[in-house]
Amino acid sequence: MSADSARPPSRWDDEGQALAELVIVLPVLLLVALLMIFFGRIESAQGDVEAAARAGAEAAVVQSNAALAQSSATAAVTATLASDHVACPSPTVATNVGNFISGGSVSVTVTCVANLADVAAPGIPGAKTFSATSTAPIDPYTVITNAFINSKGSSGSIRPISGVS
C-alpha cells in the first residue's frame, strides 16, 4: 500500500467543487434578486397610483360644487404622485362628477405612465402604464351649490337673499 492512497482527501478538492457550484448558482440568485426588485417596484407604483386616486376622490367629495371638485381632485392627485417615488411626469386625471349631489358619489380615475428605466434590463420594459379608480360617497347632509360660468368667464357665486343672513 502506498503512502499516497492512504491519506485522506484534501481540503483543496472541496474548495474547487464549491467554486464550481458558486459559478453555477450565483447568476441564478442575482436574476431572482433583480426580478424581485422589478416586481416590487411595479407593485409599489401601482399602490402609489391607487393612493393618488383615493386622495383625489377624498378631496373632491368635500367641495361644494362640481367644478371645485374636479380641480381639487386633480390637485390632490398631482400632489400625491409628486410626494411618492413614482416617476410619472403627467398623470391623466378623469373625475366623474355626474352624480355630484348630496348623498351621491364622485369617482376619480388616474392613469399614469411610470418610468421604470432605473430597474429595467434587456427584455424588461422601461415604462409601464398604471391605472386606478376610486369612488367616494358625498355626505348626504352636504349642501351642494350650482356654480356657473357667466359670459365674461368668471365663476358666479350664490348670494344671500336680502335681509337674510
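Read along the sequence, the protein follows the pattern α-α-α-β-β-β. This is a predicted model, and the tour begins with the whole chain before turning to single residues.

**Whole chain.** Display the protein as a cartoon and locate its three helices and three strands. Colour by relative accessibility next: of the 165 residues, 24% count as buried.

**The loop before α3.** Select N65, which is placed in the loop between α2 (11-61) and α3 (66-83). Is N65 buried or exposed? With a relative accessibility of 8%, below the 20% limit, N65 counts as buried. Show its side chain and the backbone of the residues that follow. N65 caps the N-terminal end of α3, with a side-chain oxygen 3.2 Å from the backbone nitrogen of A67. The side chain of N65 also reaches the backbone nitrogen of L68, at 2.8 Å.

**Along α3.** Extend the selection to the helix itself. α3 comprises 18 residues and spans 26 Å from its first C-alpha to its last, close to the 26 Å expected at 1.5 Å a residue. Which residues of α3 are buried? They are A69, S72, A73, A76, V77, T80 and L81. These residues lie on the same side of α3, because they cover an arc of only 155 degrees around the axis. Now rotate to the face of α3 turned away from the buried side, where the exposed residues A67 and A82 are found.

**From A67 to N146.** Keep A67 selected and add N146, which lies in the segment after β3. The two residues are 79 residues apart in sequence, yet their C-alpha atoms are 9.0 Å apart in space. N146 has a relative accessible area of 65% and is therefore exposed, the limit being 50%.

**The nonpolar core.** In soluble globular proteins, nonpolar side chains tend to be buried together. To examine this here, select V49, L81, V106, V108 and V110. Of the 26 residues in the largest nonpolar core, these five touch the most other members. Which elements each supply at least two residues of this core? They are α2, α3, β2 (105-115) and β3 (127-137). The largest share, nine residues, comes from α2. L81 was met above among the buried residues of α3.

**Strand β2.** Select T111, which is found in strand β2. T111 has a relative accessible area of 28% and so counts as partly exposed, a class that runs between 20% and 50%. Add V93 to the selection: V93 and T111 are 18 residues apart along the chain, and their C-alpha atoms are separated by 6.6 Å.

**Aromatic rings.** Show the side chains of F38 and F39. The count of aromatic pairs in the model comes to one. F38 and F39 form this pair, in an edge-to-face arrangement with 5.5 Å centre to centre and 70 degrees between the planes. Is F38 buried or exposed? At 6% relative accessibility, under the 20% limit, F38 counts as buried.

**A charge over a ring.** For the last stop, select K128 and F130. The charged end of K128 sits over the ring of F130, at 5.6 Å from the ring centre.

Definitions and conventions:
Residues are numbered from 1 along each chain as its sequence is written. This is a predicted model: local features need pLDDT of at least 70, side-chain atom pairs count only at pLDDT 80 or more; totals for chains, interfaces and linings use all residues. Side-chain values use heavy atoms; hydrogens and water are left out. Helices (H or I, at least four residues) and strands (E, at least two) are DSSP runs, numbered from the N terminus. Buried means under 20% relative accessible area, exposed over 50%, partly exposed in between (1.4 Å probe, protein chains only). A polar contact is a pair of N or O atoms within 3.5 Å; within protein, one must be able to donate a hydrogen and the other to accept it, and residues adjacent in sequence count only if both atoms are side-chain atoms. The expected span of a helix is 1.5 Å times one less than its number of residues. The arc is that of the directions from the helix axis to the C-beta atoms. Rings of Phe, Tyr and Trp (its six-membered ring) pair if their centres lie within 6.5 Å; planes under 30 degrees apart count as stacked, over 60 as edge-to-face and the rest as tilted. A charge sits over a ring if NZ of Lys or CZ of Arg is within 6 Å of the ring centre and within 35 degrees of the ring normal. A nonpolar core is a set of buried Ala, Val, Leu, Ile, Met, Phe, Trp, Tyr and Cys residues joined through side-chain atoms within 4.5 Å.
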